[in-house]
Amino acid sequence: MSSGDPGAPRRRDAGRPRGASVVAAILTAVRAELAETGFEGLSVDRVARRAEVNKTSVYRRWPTKEALVAAAMDGLRTDFADSPDTGSLRGDLHALVTPIAELLSQAEGTALARAAISSGAASDIAALAAHRLSEQTTQVLTLVERARARGEWREDADPRQVIFTLVGALLHRVLLEHDDPTGPWLDSLIDLVHRGVAPS
């Protein structure tokens with residue numbers, strides 16, 4: 001009986017995602033589950049059911065829950081690759097921080113941030129979060145060099161404190177205040193930091 005015969009028995013895995021789509025389905029399911037249950041409540045069983053894959057498809061790629069969440073976090077890359085060059089320090093800071101704020105404003109982004117700082121999160125997640133912060137710090141250093149050349153940067157201002165202040169304020173806004181980190185609030189944060197590093 002041919003596979004196109006409507007009377008042919010349906011394969012048990014018919015309709016399930018395959019190949020690269022398996023990875024996408026699993027990571028999408030992880031983010032959705034994190035948004036609903038948080039890191040501590042995350043279950044591989046529930047992830048597999050939501051992604052419509054076997055549990056073995058999950059464990060074969062990510063043997064631990066921490067590795068699975070780290071992969072989901074890494075899959076949510078936003079436009080951080082290059083240091084923006086808008087022609088002004090304030091514009092550069094706004095362009096750099098806005099994608100982070102927009103990510104954190106989403107339930108999935110908030111859940112991933114919680115997972116990154118959770119006491120139950122192991123080194124895979126913490127290492128990835130540290131790597132992301134290092135990338136952003138490097139970008140700020142590039143922005144600072146351009147700002148110095150334009151005379152927009154106070155020489156005794158610490159570039160690393162800029163990214164720590166911005167990211168720390170964003171996390172506080174989202175995780176403790178449970179409020180929107182975008183819009184006018186973000187504008188005022190960037191204005192505050194910009195005034196703090198500008199020459200007198």
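**Notebook: confidence, helix packing and two odd phi angles**

I began with confidence: the mean pLDDT of the protein is 84, and 85% of its residues reach 70 or more. This is a predicted model, so I keep that in mind for everything below. I then looked up the weak stretch, and found pLDDT below 50 over residues 8-14. Beyond near neighbours in sequence, residues 8-14 have seven contacts in the model.

Next I ranked the elements. Helix α7 (residues 123-149) has the lowest mean pLDDT, 82, while α9 has the highest, 97.

**Entry: α8 and α9**

With α9 at the top of that ranking, I turned to its packing with α8. How do the axes of α8 and α9 cross? I found that helix α8 (residues 159-176) and helix α9 (residues 183-197) have axes that come within 11 Å and cross at roughly 155°. Because angles over 145 degrees count as roughly antiparallel, α8 is roughly antiparallel to α9. I also noted that their crossing is right-handed.

I listed the residues that meet here. From α8 come V162, T165, L166, A169, L170 and R173; from α9 come W185, L186, L189, V193 and V197. By class, I get nine nonpolar residues, one polar and one charged for the contact of α8 with α9.

The loop between these two helices holds H178. I checked its backbone and found that H178 has a positive phi of about 55°, although it is not a glycine. A reminder to myself: most residues other than glycine have a negative phi.

**Entry: α1 and α6**

Here I looked up another helix pair. Helix α1 (residues 20-37) packs against helix α6 (residues 107-117) at an angle of about 80°, and their axes are 8 Å apart. The range for roughly perpendicular is 65 to 115 degrees, so α1 is roughly perpendicular to α6.

On the α1 side, R31, A32, L34 and A35 make the contact; on the α6 side, A107, E108, A111 and L112 do. I sorted the contact of α1 with α6 into six nonpolar residues, no polar ones and two charged ones.

**Entry: residues 43-62**

I checked the record too: an unreviewed UniProt entry annotates residues 43-62 as "DNA-binding region". How much of the chain over residues 43-62 is helix, and how much is strand? I get 75% helix and 0% strand, with the end C-alpha atoms 13 Å apart.

My last lookup was the loop between α2 (44-51) and α3 (55-61), where E52 lies. E52 is not a glycine, yet its phi is positive, at about 60°.

Key
Residues numbered from 1 in each chain as written. Predicted model: local features only at pLDDT ≥ 70, side-chain atom pairs only at ≥ 80, totals over all residues. Heavy atoms only, no water. Axes fitted to C-alpha atoms, helices over the stretch in contact; angles between N-to-C directions. Helix = DSSP H or I, 4+ residues; strand = E, 2+ residues; numbered from the N terminus. Parallel < 35°, antiparallel > 145°, perpendicular 65-115°, else oblique. Left-handed = near helix turned anticlockwise from the far one by under 90°. Contact = heavy atoms within 4.5 Å. Nonpolar A, V, L, I, M, F, W, Y, C, P; charged D, E, K, R; others polar. UniProt positions renumbered as here; feature names shortened; annotations may be inferred. pLDDT = per-residue confidence, 0-100.
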